[in-house]
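Welcome! Please take a look at the structure below, and then read on for a short tour of two of its parts.

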Amino acid sequence: MKLVKAIIKPFKLEEVKEALADIGIEGMTVTEVKGFGRQKGHTEIYRGSEYTVDFLPKVMIEIVVDDADAAKTSDAIVKAAKTGKIGDGKVFIIAVENAIRIRTDESGPEAL
Amino acid sequence: MKIKKTLLALLLGSSAFLFAGSLGAQELPVIETAEVVEAVADAISFEDGYAAFMETPGAAFFTISNLWLLIAAALVFIMHLGFATVESGLGQAKNTVNILFKNVFIICMGILTYALCGFNAMYPGDAWSIGGFFAMGSWFDVTASVDLMTSEYADYTWYTDFIFQAMFAATAATIVSGAVAERVKLSSFMIFATLLVMFAYPITGSWQWGGGWLSEAGFYDFAGSSLVHAFGGFAALACVMVLGPRAGKYINGQIRPILGHSMPLATIGVFLLFLGWFGFNGGSVLNADPFLVSLVFVTTALAAAAGGLGAMFTSWLFLKKPDLSMALNGILAGLVGITAGADSIMPFYAILTGLIAGILVVFSIIFFDKVKIDDPVGAISVHGVCGIFGTLAVALFSDAAGFDIQLIGTLSVSAFAFIFSFVVFSILKVVMGVRVSPEEEAEGLDIGEHGQEAYPDFGSARTR
C-alpha cells in the first residue's frame, strides 16, 4: 500500500477531487494547511506598513491506495492541480505498513 | 404662551398702575410687575398652559423641530453601533468580546452619568461654580412647566435637549476605547471612561455650548469638531502614551502591522457612522429650519465623500496600494472635519474641508505609527487631528469666526482633555494598573477578561 500525499493550491481541490473520482478513488482526507516552498511568500500592506506573508494557504490531500494504483493516482493529481505557475505544490508517495477499518476490523488492502 | 404672558402683563400692569395711582404712588417698579406676572403664570397648571401653547400657530414648528431633534438623537445613538463595529473589525478576533463589552458599557454609563450631573454641568444656566469655566452640575430632571416644555424654552423641550446631548456625551469615551483597544485593563478603562464622561466632557462643553468663556470670546464649534472629537482624540492620545503600544507592534525599530480581523465589520461601522452623522450635524441646527437642516445634510455628505476619496487616492499614491481601512478613516475624517462648520461652510468649501481632512488623516496615521503611538483604529488622527483641522476650517472657509479664537478654542479643549486624561490615567496606572498581563494580551482579552469567545464555532477556537 502507498500513501499519496499531495499539497496543492486550494482552488484546485474540486478539479483534483473529480479527477480522482474518475479513476475510481473512493475516499480521501483533506486538510487546510499553510506553507511555502521555493516561491516563498508574498508582501502585503496594511495601513501603510508592509509585511511578508511566508505561509500561504494550501490544501493537503491524503489517499492510501494499492501499490498498483499509486502511479495512476499521483498522475491524476499532478494533471488536475497543474497551473504551470510557482506554488502549484508537490506530491509525495510513501510506503504504508498496514491499514485497519475500525468498523469491521478488516486489515491490509481489504480495509481500503 | 408669549402672547398670553404679554396680555397678562398688560392687564396686571395697568391694573396695578391704577391701583397704585389711587394710593398716590407715582410709579410701580417694573421688576415687581414681572414678578407678579411670573406668579400668575405659575398659578396656571402645566396641563392648561401646555394645552394653550399647543393651540398657538407656533406649536406646529415647535412640534416638527422637537420631533426632528428626537430623530437626530436616535441617529446619534446608532453611531455607537458604528463605533462598536469599526473597533471590532479593526481589532483581532481574540479581543472582539472585550471591545464590544466596552462599547456596551460606555453607552449605558454615558446616558446615566449625563442624567446624574453631566447635563446640568454642561448647560449650567446661571448655576456656574466658577463663572464661565466650571459648574458642578446636578440631577437633570425638572418639574414639567410651560417654561421648559414649550417654545418658551427652545424649539424643543427640556427632555429632548437632555436626550440629544446625552447621546453625544458618551461619544468622547468611545473614541478613547478604540485607541486603547487590545491591551487595556477593563476595570481601569471603565473607571477612566466614567470620570471622563461625567466630569471632563461637561467642563469643556460648558465653555462653549453652555455659554462659558469660549462662547463669550466668539469661538465657533457648530456640532463639536473640538468639543466632542478633538476632546476624545486628545484624551485617546494621552491614554495611549501612558499605556504603550500593543505587544509585537514595534520590533527592532520596525513596524509590524497587526491586522484587523473583519473588514466587513469595519465597513458596516463606517456606513453606520456616516448615517448617524446626519443626526449629529443635522440635529445640531437645534430646530427644523428647512434651509439650515438641508444645507447641513449637504455639507456633511459632501465632506464625507471628499474625505473618502482623498484618503483613497492618498493611500494609493503614497502607500502603493488603495487601502480600504484608510478609505474608511478618510470618510470619518471628512465628517469630523466638517462638524464644526457644517452650517456655515458652503458646499464647495465643504468638499475642500473634507478632502484636506481625508489627505491629512492618512499622513497623520503614518506619523503616529512612526513615533510608536499605537492606535489600532486611527482614532487619534481621525478625531484629534481632524477635529482641530475642522475647527480651524471654520475660520478658513467661512466667516463664522476668526482664526485666532478658533485656534485658542480648539487648543484649549484639546489640552484640557489631554492633561485630564494623562493625569487620571497615570494615577490609575500607579494605583491599579491600566494594562493586562503579557500572557493575557497574547491569549486575547476575550478569554482573559471575560472568559468568553466571540466566535466559538470557528477555526482554532474549537480545537481544545
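What follows describes a sheet with its helix, and then a pair of helices.

Please keep in mind that this is a predicted model.

Let us begin in chain A. Four strands form an open sheet there, in the order β2-β5-β1-β6, and their pairing is antiparallel. The edges of the sheet in chain A are taken by β2 (29-35) and β6 (89-95); each has a single partner strand, so one side of each is left without a neighbour in the sheet. From one strand to the next, the twist averages 20°.

Now look at strand β1 (residues 2-8) of chain A, which is joined to β6(A) by seven bridges, the two running antiparallel. Along β6(A), K90(A) is the residue that stands opposite I7(A). Helix α2 (residues 70-81) of chain A lies across β1, β5 (56-65) and β6 of that chain, and runs at about 5° to β1(A).

Next, turn to chain B, where two helices pack together at an angle of about 145°, with their axes 9 Å apart. Here they are:

| Helix | Residues |
|---|---|
| α14(B) | residues 347-370 |
| α15(B) | residues 379-397 |

The crossing of α14(B) and α15(B) is right-handed. Residues making the contact include Y349(B), L352(B), I356(B) and F368(B) from α14(B), and V385(B), F389(B), G390(B) and F397(B) from α15(B). Which classes of residue make up the contact of α14(B) with α15(B)? There are 15 nonpolar and four polar residues, and no charged ones.

Conventions
Residues numbered from 1 in each chain as written. Chains lettered and ligands numbered in written order. Predicted model: local features only at pLDDT ≥ 70, side-chain atom pairs only at ≥ 80, totals over all residues. Pairing = 2+ DSSP bridges. Axes fitted to C-alpha atoms, helices over the stretch in contact; angles between N-to-C directions. Contact = placed C-beta atoms within 7 Å. Left-handed = near helix turned anticlockwise from the far one by under 90°. Nonpolar A, V, L, I, M, F, W, Y, C, P; charged D, E, K, R; others polar.
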